[in-house]
Amino acid sequence: MTTYIFVLLFIIIALLLMLLYRKPSFDISALREDNARLRERLAERLGALSQNAIELKNISSDIANFKNILMGNKQARGTFGEKQLEDIVADIMPPESYEFQCVLETGVRPDCIIRLPYPPGDMIIDSKFPLESYNRLCEDKNDGMAKKQFELDVRKHIDAIADKYIIPGRTAESAMMFIASESIFETLHREFPGAIEYAARRKVFIVSPSTLWATLNTIRAVLSDIKIKRVADKIKKELDYLLTDLSRLSERAGKVQQHFAQASNDIEQLQTSVNKITPRAEKLRNMDFGEE
């Protein structure tokens, strides 16, 4: 495509040169002005086309690099899948709810762990995929042996995920196999339903970028509900404590009120006694006892 652009540029320049060097049939000054404006516009168009050619070349280079990633060595493809998985998870899930390349108690290192309370337990996501078999299948989709080998490799990978990443009492009862390509995911579901059913029996969910996005959003909503429930439980517990304390306070306030009532009654009785004693004391003071 870049070659076509340069051929087109050459043709345009040749036509413009023919127009410039053609004998004038009218006023030369007007022609010079027109030629000057034409050269300016031509320079602008050539600059734009050159920039487009550079951008096209960069895009072609990016496409070639992407093809090398998908069709090249296994390590490069694995890195590409892991990076895409990390970007999706980090974009959706809270930071405290996931971890990458964490070593489990069994010594295995999954690509991603979604931290969930038990039950169900931590959910493991694996980003690897037997792409070599898929590439051989793409070379000849009518090759029966290539189809059988591809499905066999997919089943082997499903078994590996189920055996390594589904740990009773430690992880969730299921795991996820992430396929970084939507087209491969669609091909697998359309042409290999047996592999999909086998994955379901082994409790391995096959996900693509779009389905993983939807699944993680659902998990995030569940985590939010769990967090809200935990906070609600804490609030309820604190309210129970508060009501208990208020009951005790009311009971103690009642006892204090009884003490005040008793003290008030005692004071009234004391006042009554004082009121009785005072007149008698006045009588005794006013009595004439005579002196001997």
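This short talk walks through two helix contacts, one cavity and one pocket in the structure above.

Before I begin, please keep in mind that this is a predicted model, in which local features need pLDDT of at least 70 and side-chain atom pairs count only at pLDDT 80 or more, while totals for chains, interfaces and linings use all residues. Residues are numbered from 1 along each chain as its sequence is written, and side-chain values use heavy atoms, with hydrogens and water left out.

Let me start with the helices, which are DSSP runs of H or I with at least four residues, numbered from the N terminus. The axes of helix H4, residues 131-139, and helix H5, residues 144-165, come within 9 Å and cross at roughly 160°, where an axis is a line fitted to C-alpha atoms over the stretch in contact and the angle, from 0 to 180 degrees, is taken between N-to-C directions. H4 and H5 are therefore roughly antiparallel to each other, a term used for angles over 145 degrees. In this contact, meaning heavy atoms within 4.5 Å, Ser133, Tyr134, Arg136 and Leu137 of H4 meet Ala146, Lys147, Gln149, Phe150 and Asp153 of H5.

H5 has another partner, since its axis and that of helix H7, residues 193-201, come within 10 Å and cross at roughly 10°. That makes H5 roughly parallel to H7, the word for angles under 35 degrees. Here Glu151, Val154, Arg155, Ile158 and Asp159 in H5 meet Gly194, Ala195, Tyr198, Ala199 and Arg201 in H7.

Now to the empty space. Which residues line the largest cavity? They are Tyr134, Leu137, Cys138, Lys141, Thr187 and Glu191, where a cavity is a set of points on a 1 Å grid over the protein atoms alone at which a 1.4 Å probe fits but cannot get out, and a lining residue has an atom within 4 Å of a point. The largest cavity has a volume of about 40 Å³, and the structure holds one cavity of 30 Å³ or more. H4 and helix H6, 182-191, each supply at least two lining residues, with the largest share, three residues, coming from H4.

Last comes the second largest pocket, a pocket being an open set of points with protein on both sides within 12 Å along at least five of seven lines. About 250 Å³ of space lies in this pocket, and the residues that line the pocket include Pro94, Glu96, Arg115, Arg220, Lys227 and Arg230.

How values were computed. Angles under 35 degrees count as roughly parallel, over 145 as roughly antiparallel, 65 to 115 as roughly perpendicular and the rest as oblique. Grid points are joined across faces, edges and corners, and a volume is the space filled by probe spheres set on the points.
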